[in-house]
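Me: I should like to go through the pockets, cavities and contacts of this structure by question and answer. Please reason briefly each time and finish on the value or name requested.

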Amino acid sequence: MKKKKRRLRSVIQILFFILIAFIAVNHTLLESGKGIPLLSGASLHAVCPFGGVVSLYQLATSGTFVKKVHESNVILMIIVFSSAFLLGPLFCGWICPFGSFQEILGRLGKKLFKRRFNHFIPYKYDRILRYFRYVVLIIVLIQTARSGLLMFANIDPYFALFQFWTGEVTRIAIIALLVVMGLSLFVERPFCKYACPYGALLGLFNLIRIVPLKRNVSTCINCSRCDRSCPMNISVSSLEVIRNHQCISCFQCTSDDGVCPIPGTVEFRTGTFKESDS
Ligand code: SF4
Ligand code: SF4
């Protein structure tokens, strides 16, 4: 049963990766008159919920909209924010095709480095580096509001992955993509952890989300399987309520869907654990 549920996440990740790749390729085909008409208006910008964030920021600060931002961006942003308010950054853990891409490369890294994978950076540096994505978020919002353009696309490895065959991708974005690909062999989701401005924003929902992740201390056997399985290196077994800003709501550590061997010990839940849960 557990494996079935974990497979569901993989299936959803693959489906969204294919969908975004298809939209990107179709947009290019359209330019030569070969795109599928139903999807012909869609571009990668149109399916980026971060476009909605920067557009609203610019609207609030200067009263204008960002060029290349579509109504779909704002709709997507509302859906993603609502789900994050309820259950945390599901978008990062289940949908973002660039997160999935890094995970796939990480599987190769796991084969190469076994248990050392995802543990190369000493904790004292790692915990500071994780706040760098908030610096990126602030710079992106300010630069976008000032210029009226989606500035992050110029350095965005996600944009580079799905547009590298077009003339729209800068050399810096290609280099950023190659760096992320290389790092993904050593660290799980390096871009999500250290640089993604959208992940930074969604991560804040972990602090206020309605349904937090909880560990039942009285049933936990301290096996640390949850810690080892967490792609974001969160020490689940040392916490009772996990509200870490880096959690991507992947369910990997939970009892129902993930690696915790004791039923009802790690769960997304609102109430406290009762005696009968022990
Ligand atoms: S394994 Fe658990 S704590 Fe780690 S990111 Fe996934 S849901 Fe969050
Ligand atoms: S996997 Fe479950 S039982 Fe093991 S340490 Fe984590 S919460 Fe406790």
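Reply: A residue is taken as near a molecule if one of its heavy atoms lies within 4 Å of it. The model under discussion is predicted.

Me: How many residues surround ligand 2, and which are the closest?

Reply: By class, the shell around ligand 2 has eight nonpolar, four polar and two charged residues. Cysteine counts as nonpolar in this division. The shell comprises 14 residues, and the closest are Cys220, Cys223, Ser224, Cys226 and Cys260.

Me: What is the volume of the largest pocket, and which residues are the closest to its centre?

Reply: The largest pocket has a volume of about 760 Å³. It is lined by 21 residues, and the closest to its centre are Lys110, Glu188, Arg228, Ser229 and Gln252.

Me: Which helix gives the most to the lining of the largest pocket?

Reply: By class, this lining holds four nonpolar, six polar and eleven charged residues. At least two lining residues come from each of α1 (2–31), α5 (97–113) and α12 (225–229). With five residues, the element that gives the most is α1.

Me: Which residue forms a salt bridge with Arg189, and which parts does the pair tie together?

Reply: Side chains of opposite charge can pair when their charged atoms come close. The structure holds five salt bridges, and in one of them Arg189 meets Glu103 at 2.8 Å, N to O. Arg189 lies in the loop between α9 (171–183) and α10 (190–194), and Glu103 lies in helix α5, so the pair ties together parts that are 86 residues apart in sequence. The partner of Arg189 is therefore Glu103.

Me: How many charged residues are in the lining of the second largest cavity?

Reply: The whole structure has three cavities of 30 Å³ or more, and the second largest holds about 100 Å³ of space. Its lining has 16 residues, with Leu213, Cys230, Cys247, Cys250 and Cys253 nearest its centre. By class, 13 are nonpolar and three polar, and the number of charged residues is zero.

Me: Where is Ile208, and what is the area of the nonpolar surface patch that it helps to make?

Reply: Ile208 is in the loop between α11 (197–203) and β1 (213–215). Together with Phe85, Leu86, Leu204, Leu207 and Ile210, Ile208 makes a nonpolar surface patch of about 520 Å².

Key:
Residues are numbered from 1 along each chain as its sequence is written. Chains are lettered from A and ligands numbered from 1 in the order in which they are written. This is a predicted model: local features need pLDDT of at least 70, side-chain atom pairs count only at pLDDT 80 or more; totals for chains, interfaces and linings use all residues. Side-chain values use heavy atoms; hydrogens and water are left out. On a 1 Å grid over the protein atoms alone, a cavity is a set of points where a 1.4 Å probe fits but cannot get out, and a pocket is an open set with protein on both sides within 12 Å along at least five of seven lines; lining residues have an atom within 4 Å of a point. Grid points are joined across faces, edges and corners, and a volume is the space filled by probe spheres set on the points. Patches are made of residues with over 30% relative accessible area and no salt bridge: like charges are joined within 9 Å, nonpolar side chains (Val, Leu, Ile, Met, Phe, Trp, Tyr) within 5 Å. Accessible areas come from the Shrake-Rupley method with a 1.4 Å probe; for residues, only the protein chains shown count as cover. A salt bridge is a side-chain nitrogen of Lys or Arg within 4 Å of a carboxyl oxygen of Asp or Glu. Helices (H or I, at least four residues) and strands (E, at least two) are DSSP runs, numbered from the N terminus.
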